[in-house]
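Grab a pencil and try each exercise before you peek at its solution. Keep the 3D view open as you go.

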Amino acid sequence: MVYGTLLNSIASLNALGDAMDAAPYKGAPRAPVLYIKPRNTLAANGDAVAVPPSTDALQVGASLALVVGRTACRVRESDALSYLAGYAVVVDFSVPHQSFYRPSVRFKALDGSCVVGPCVVSADRIPDPDGLPITVRVDGAQVQSATTGGMVRTAARLLADVTEFMTLFPGDILLLGVPDGAPLARPGQSVIVEIEGVGRLESTLVEEQA
């Protein structure tokens, strides 16, 4: 299972401003806000990503993947990272949208929109998963420079909070979250996402065929 995490970027959360206090929730989330990337969304490094005719661009959601190595249930933050087999790069392409609570499946569950890989880097090779530089390039031009830091919940805190209410199993992937300011890419453009020490993903966007 691949679980995405919404609203984990402090900057993205702050950018919502008063909207966070509006109905129906009337306040910031008290627990991690997750969504599932079903099997039809999974793709590999180098695969083409189809842009549906309902939109002219996809948001490039670069994220660090926490790959679970052993069953995790109610783990403590202090040893949460010991439950990981390693880390990977994930690009979660999605249709741009304004809904930040429970986004519609048509925005997040596009076929082949969750690109994972190209490998899993052993957890012992990444001593600090919360300070890794992230670079996004579209057609060779750098369009985003961020880090895995600046999150509401660090990798260990996220694992602890998620396993407080659900169990993660070996092979499951939990996305740390997308940094604020995710760029857009259009059909015909190539996208490269790199997380220092973890890996580099390449994808090309194409128009979805009927």
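Here are four exercises, each with a worked solution.

This is a predicted model, where local features need pLDDT of at least 70, side-chain atom pairs count only at pLDDT 80 or more, and totals for chains, interfaces and linings use all residues. Residues are numbered from 1 along each chain as its sequence is written, and side-chain values use heavy atoms, with hydrogens and water left out.

**Exercise 1. Work out why the protein chain counts as being as compact as a globular protein of its length.**

Step 1: Start with the elements: the chain has 3 helices and 13 strands (DSSP runs numbered from the N terminus; helices are H or I with at least four residues, strands E with at least two).

Step 2: The radius of gyration, taken over C-alpha atoms, is 16 Å, and the globule rule (2.2 Å times the number of residues to the power 0.38) gives 17 Å for 210 residues. Those two values are close, so the chain is as compact as a globular protein of that length.

**Exercise 2. Find which residues touch the most other members of the largest nonpolar core.**

Step 1: Know your terms: a nonpolar core is a set of buried Ala, Val, Leu, Ile, Met, Phe, Trp, Tyr and Cys residues joined through side-chain atoms within 4.5 Å. Buried means under 20% relative accessible area, exposed over 50%, and partly exposed in between (1.4 Å probe, protein chains only).

Step 2: This core has 47 residues, and the winners are Phe93, Leu168 and Val198.

Step 3: Among the elements giving two or more residues are strand E6 (84-94) and helix H3 (155-162), while the largest share, 6 residues, comes from E5.

Step 4: Zoom in on Phe93. Beyond its neighbours within four places in sequence, Phe93 has contacts (heavy atoms within 4.5 Å) including Val49, Leu58, Val115 and Leu205.

**Exercise 3. Name the residues of a second, separate core.**

Solution: That core holds 8 residues, including Val2, Ala88, Val90 and Ile173.

**Exercise 4. Decide whether H3 is largely enclosed or open, and say why.**

Step 1: Pick out its buried residues: Ala155, Ala156, Leu158, Leu159, Ala160, Asp161 and Val162.

Step 2: That makes 7 of the 8 residues of H3, so the helix is largely enclosed by the rest of the structure.

Step 3: Look for the cover, which includes strand E1 (2-6), strand E2 (33-37) and strand E10 (173-175).
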